[in-house]
Amino acid sequence: MINITVINGTEKHGVTYRLKEIFLTAFRNNANITEYYLPKDCPNFCNGCVNCMTKGENTCKDERYIGKIEKSLLEADLIVMTSPAYVFHTTGAMKAFLDHFAYRWMPHRPAPEMFGKRAVIITQCLGAGAKSAAKDIKHSLSWWGISKIEIFTGALMGDIVWERLSKKKRAELTKKVKKLSWKFAQTDYTKPAYTNLIIKIRFFVCRLMQQTLHKNDPEYLDGKYWAAQGWLGRTRPWK
Ligand SMILES: Cc1cc2nc3c(=O)[nH]c(=O)nc-3n(C[C@H](O)[C@H](O)[C@H](O)COP(=O)(O)O)c2cc1C
């Protein structure tokens, strides 16, 4: 059994929900699937206190939401993120969620577990904007350290209600999402995903920065974290 964590960028059971359900069909009998719906499961905005960065993530005012979801993300073999396009971007709820994980960006305290993970982003729109919505999410995931990120985007070009779309359009979207789902259903999750060169370069640039910061102030939280992981020495978060 693999673990799948799904972060839904909307609570609406609309087209995004439909496509996500189609994606998950191949995993229903062989995966533990945990789903979160935004904004319900992370209802507040980041207020910019930067406590997560300077004092530790446990001091976040929203820790009761974030802690639970993060545990689920770290235990996941596959992360699925979904969002409709809202004014050419991801939903505000998804953006508010991602803001809470700024401390997990590579220049701060990336989780070692993220480097071997796989992720899928599902976005769609009426006419245009699904690609930039997916990019919003991908930006965070890749700075969390994930290399293996695949994106599904769709444009409805007709109606915004699934049942009112033409049969042809529904079949086209279903085929495309099933193809991606099949690919991830065939994956061997006992092996971590490959860490690509871009992620490695980012890691080494951040490592240089953390080396200096740690030397100047051994009590600086991010530097201490990098040292404790062994990353300022020879240890790396990928295999
Ligand atoms: C606030 C808002 C902004 C939207 N912005 C865009 C947009 O920029 N481009 C687009 O093609 N569709 C846009 N749409 C339409 C939705 O992306 C589209 O209806 C989508 O299918 C909704 O997904 P859902 O059924 O999962 O809610 C917008 C809808 C809303 C509510």
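Val87 is exposed, as just 9 other C-beta atoms fall within 10 Å. The model is a predicted one, and Val87 makes a handy way in. Val87 sits in the loop between strand 3 and helix 4, and its phi is near 40°, a positive value in a residue other than glycine. Phe88 belongs to the loop between strand 3 and helix 4 as well. Its phi is positive too, near 70°, and Phe88 is not a glycine. Phe88 counts as partly exposed, because its 14 C-beta neighbours inside 10 Å fall between the limits of 12 or fewer for exposed and 20 or more for buried.

Another loop brings a backbone oddity of its own. The peptide bond between Leu38 and Pro39 is cis, with omega at about 5°. Pro39 is part of the loop between strand 2 (31-37) and helix 2 (51-54).

Next comes the inside of the model. The largest nonpolar core holds 47 residues, and among these Val80 and Val120 touch the most other members. Two or more core residues come from each of strand 1 (2-8), helix 1 (15-25), helix 3 (63-75), strand 3 (78-84), helix 4 (92-99), strand 4 (118-125), helix 5 (130-144) and helix 6 (167-185). Helix 5 tops that list by giving seven residues to the core. As for Val80, its contacts, leaving out residues up to four places away in sequence, are Ile4, Val6, Lys20, Phe23, Val120 and Ile122.

Strand 4, home to residues 118-125, is covered along its run, with eight of its eight residues buried. That goes for both faces: Arg118, Val120, Ile122 and Gln124 are buried on one side, while Ala119, Ile121, Thr123 and Cys125 are buried on the other. Strand 4 runs parallel to strand 3, and seven bridges join the two. Within this pairing, Thr82 stands opposite Ile122 of strand 4.

Helix 5 deserves a paragraph or two to itself. A quick check on its geometry works out fine: at 1.5 Å a residue, its 15 residues should span 21 Å, and the end C-alpha atoms lie 22 Å apart, which agrees. The buried residues of helix 5 are Ala130, Ala133, Ala134, Asp136, Ile137, Lys138, Ser140, Leu141, Trp143 and Trp144. An α-helix has 3.6 residues a turn, so residues three or four places apart point the same way. The partners that the buried residues of helix 5 pack against are strand 3, helix 4, strand 4 and strand 5 (148-155). After the helix comes Gly145, with a positive phi near 115°.

Ala134 gives a closer look at this packing. This residue of helix 5 is buried, because 25 other C-beta atoms lie within 10 Å and 20 or more is enough to count. Setting aside neighbours within four places in sequence, Ala134 is in contact with Ile121, Thr123, Ile151 and Thr153. Two of these, Ile121 and Thr123, are on one side of strand 4. By contrast, Ala134 and Leu74 are 21 Å apart in space, C-alpha to C-alpha, with their positions 60 residues apart in sequence.

Helix 4 offers a view from the other partner. Lys95, a residue of helix 4, counts as partly exposed, since it has 19 C-beta neighbours inside 10 Å and a buried residue needs 20 or more. Apart from residues up to four places away in sequence, Lys95 touches Thr90 and Asp136, and Asp136 is one of the buried residues of helix 5. Lys95 and Ser140 are 45 residues apart in sequence, yet their C-alpha atoms are 9.7 Å apart in space.

Finally, the ligand. Its surroundings comprise 19 residues, the closest being Gly14, Thr16, Pro84, Cys125 and Gly129. The elements giving two or more residues to this shell are helix 1 and strand 4. Helix 1 gives the most, with three residues. By type, the shell splits into 12 nonpolar residues, six polar and one charged. Cys125, one of the closest residues to the ligand, is also among the buried residues of strand 4. Helix 1 and strand 4 also each give two or more residues to the largest nonpolar core.

How values were computed: Residues are numbered from 1 along each chain as its sequence is written. This is a predicted model: local features need pLDDT of at least 70, side-chain atom pairs count only at pLDDT 80 or more; totals for chains, interfaces and linings use all residues. A nonpolar core is a set of buried Ala, Val, Leu, Ile, Met, Phe, Trp, Tyr and Cys residues joined through C-beta atoms within 7 Å. Helices (H or I, at least four residues) and strands (E, at least two) are DSSP runs, numbered from the N terminus. Two residues are in contact if their C-beta atoms, placed from the backbone, lie within 7 Å. The expected span of a helix is 1.5 Å times one less than its number of residues. A residue is near a molecule or strand if its C-beta atom, placed from the backbone, lies within 6 Å of it. Ala, Val, Leu, Ile, Met, Phe, Trp, Tyr, Cys and Pro count as nonpolar, Asp, Glu, Lys and Arg as charged, and the others, Gly among them, as polar. Two strands pair if DSSP finds at least two bridges between them.
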